Amino acid sequence: MTSLVFTWVGIVSLLAFIVAYAFIVLEEKLDMNKSKPALFVGTLIFVLIGIYYKVHGYDQAPLEHEIESMIYEITKIYFFLFVAMTYIESLIDRRVFEALKYNLVSKGYSYKKLFWITGTIAFFLSPVADNMTTALILSTVLLTIDATNPRFLVPGAINIVVAANAGGAWSPFGDITTLMVWNSGKGHFTDFLFLFLPAILGWLTTAGLLSFALPDTKPTLHADAEEVRMLKGAKVVMFLGVLTIAIAAVGHQLFALPAMWGMMFGFTLLQLFSYYLKRKHKERINVFHFVSRIEYDTLLFFFGILAAIGGLHFLGFLDIAAKLYNVIGATVMNVCIGFLSAIVDNVPVMSATLKANPSMGLPQWMLVTMTAGIGGSLISFGSAAGVGVMGRLKGIYTFGSHIKYFWTILVGYAVSLIIWYVQFEMLRIY
């Protein structure tokens, strides 16, 4: 396929992507949902390519094939997240997270103990619920504990962001980037689990350093606080959520079914259970009400940004990126991708890496999965989890307050890289 990088369509498409990404980065200031510029540029690039092909009389079969392949890849991610978000909304409806918040606050734990509990929950919930959802839930828990103490809230918020991103790195569906790598066939389900040790030790290092900044006191619980209990069916919904993830993983590994196929099967299980609750216990759970509460802005953003990266790949830009791997080496390049993820966002970075498809073995694909996943923690707006927590803790968890503790995250990132090198390159454990 002929490169179109230096043609008018290539130059205009690249400039459009840069402008659109500027709008995405400035989402908070402009009060514009990031899905709008992402969808605009994602669809625009292929419209421009279509016009260029028609004007020059090119065979349009390659373009048609590229779009069909891209739609298939996006669909697999879209419906996977669609079901995962629906389950999260159903758990919120059954007051699972409200009960968790009450139980944590009412125990009389110290700030340091609550810091470690929320971080641990974030690390182990993120592999199932995804890092952004996990961070939003637990940042709400922080505000419930103490909404006015920055000495607790800032280190606690950073701890949750780092833990959620690290936890998402060792699960095929803990982060959109790991899901993309898994769906692309760069690693089996079990391959990602070998990232557990680098991920957890990196987080524990950062958390340990952050813990020294916490106050040595306890938060107070309001005397009029009422006990919160989960609603009927909550435990079954939790079980069905775990079962759905298991079906998706087994179906993908053993039967070559897309992971989203198992997720959609799990969606039907949730619908059937809601019918059972309605008929047997007169308890109304409207699954389509949960669907209406999904963050479609996030789903449409992924559609747009992946389409845009697909367009740039078709034009030939990512062939240039692939050559960088040959120039500076896979390990150095993959470590740099972690830093780039903190500035740009890990989704387009990982999409570009997969489209460029450099010749790498499993250890290097696991390295870039890890660095793209946890690298976003280095800067407050470098990941969806960080952006979400900044929105939840406005005026408290900011770029400035995050940078104050940047060094703790950098040390943890370095530890993760060292553990990866020892495990994957020296001991060959993977």
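Okay, a definition before we start: when I say two residues touch, or are in contact, I mean they have heavy atoms within 4.5 Å of each other. And keep in mind that what you have in front of you is a predicted model.

Let's start with S35. Leaving out residues up to four places away in sequence, S35 touches D297, L300 and F301. S35 itself sits in helix α3, which covers residues 35–55. Is S35 buried or exposed? Buried, because its relative accessible area is 8% and the cut-off for buried is under 20%. There's also a polar contact here: the side chain of S35 pairs with the side chain of D297 at 2.8 Å.

Now look from the other side, at L300. That residue belongs to helix α15, residues 296–315. Again not counting residues up to four places away in sequence, L300 touches S35 and L39. With a relative accessible area of 32%, L300 is partly exposed, whereas S35 is buried. If you want a feel for the sequence gap being bridged, take L300 and K36: they're 264 residues apart in sequence, and their C-alpha atoms are 8.3 Å apart in space.

While we're talking about L39, here's another pair. Y58 and L39 are 19 residues apart along the chain, and their C-alpha atoms are separated by 26 Å. Y58 is in the loop between α3 and α4. Its contacts, beyond residues up to four places away in sequence, are Y52 and Y53. Y58 comes out at 37% relative accessibility, so it counts as partly exposed.

On to helix packing. Two packed helices are described by the angle between their axes and the distance between those axes, so that's how I'll go through these.

First up, α6 and α8, residues 111–129 and 150–169. Their axes come within 7 Å and cross at roughly 25°. What does that make the pair? Roughly parallel, because the angle is under 35 degrees. The crossing of α6 past α8 is right-handed. On the α6 side, the residues in the contact include Y111, L114, F115 and T118, and they meet a set in α8 that includes F152, P155, G156 and N159. By class, the contact of α6 with α8 has twelve nonpolar residues, seven polar and no charged.

Stay with α8, as it also packs on α19. How do those two axes cross? At roughly 160°, coming within 8 Å. So α8 and α19 are roughly antiparallel to each other, and α8 passes α19 in a right-handed crossing. The contact is made by N165, A166 and A169 from α8, with T369, M370, G373 and I374 from α19. The class split for α8 with α19 is four nonpolar, three polar and no charged residues. A166 is worth clicking on, by the way: A166 is in the contact with α19 and also among the α8 residues that meet α6.

One more pair: α16, residues 317–328, and α18, residues 346–356. These axes come within 8 Å and cross at roughly 85°. That angle falls in the 65 to 115 range, and α16 and α18 are therefore roughly perpendicular to each other. From α16 you have L318, A322 and Y325, and from α18 you have A352, T353, K355 and A356. Here the classes are five nonpolar, one polar and one charged.

Now for some loop residues. S380 is in the loop between α19, residues 362–375, and α20, residues 384–392. How much relative accessible area does S380 have? 0%, so S380 is buried. Setting aside neighbours within four places in sequence, S380 is in contact with G386, V387, M390, Y397, T398, F399 and H402.

Last, a couple of backbone angles for anyone checking geometry. R95 has a phi near 65°, which is positive in a residue other than glycine. You'll find R95 in the loop between α4 and α5, and at 35% relative accessibility R95 counts as partly exposed. R428 also has a positive phi, near 60°, and is likewise a residue other than glycine. R428 lies in the segment after α22, which covers 406–426.

That's my tour, thanks.

Key:
Residues numbered from 1 in each chain as written. Predicted model: local features only at pLDDT ≥ 70, side-chain atom pairs only at ≥ 80, totals over all residues. Heavy atoms only, no water. Helix = DSSP H or I, 4+ residues; strand = E, 2+ residues; numbered from the N terminus. Buried < 20%, exposed > 50% of the residue type's maximum accessible area, 1.4 Å probe, protein only. Polar contact = N/O pair within 3.5 Å; in protein donor to acceptor, adjacent residues only side chain to side chain. Axes fitted to C-alpha atoms, helices over the stretch in contact; angles between N-to-C directions. Parallel < 35°, antiparallel > 145°, perpendicular 65-115°, else oblique. Left-handed = near helix turned anticlockwise from the far one by under 90°. Nonpolar A, V, L, I, M, F, W, Y, C, P; charged D, E, K, R; others polar.
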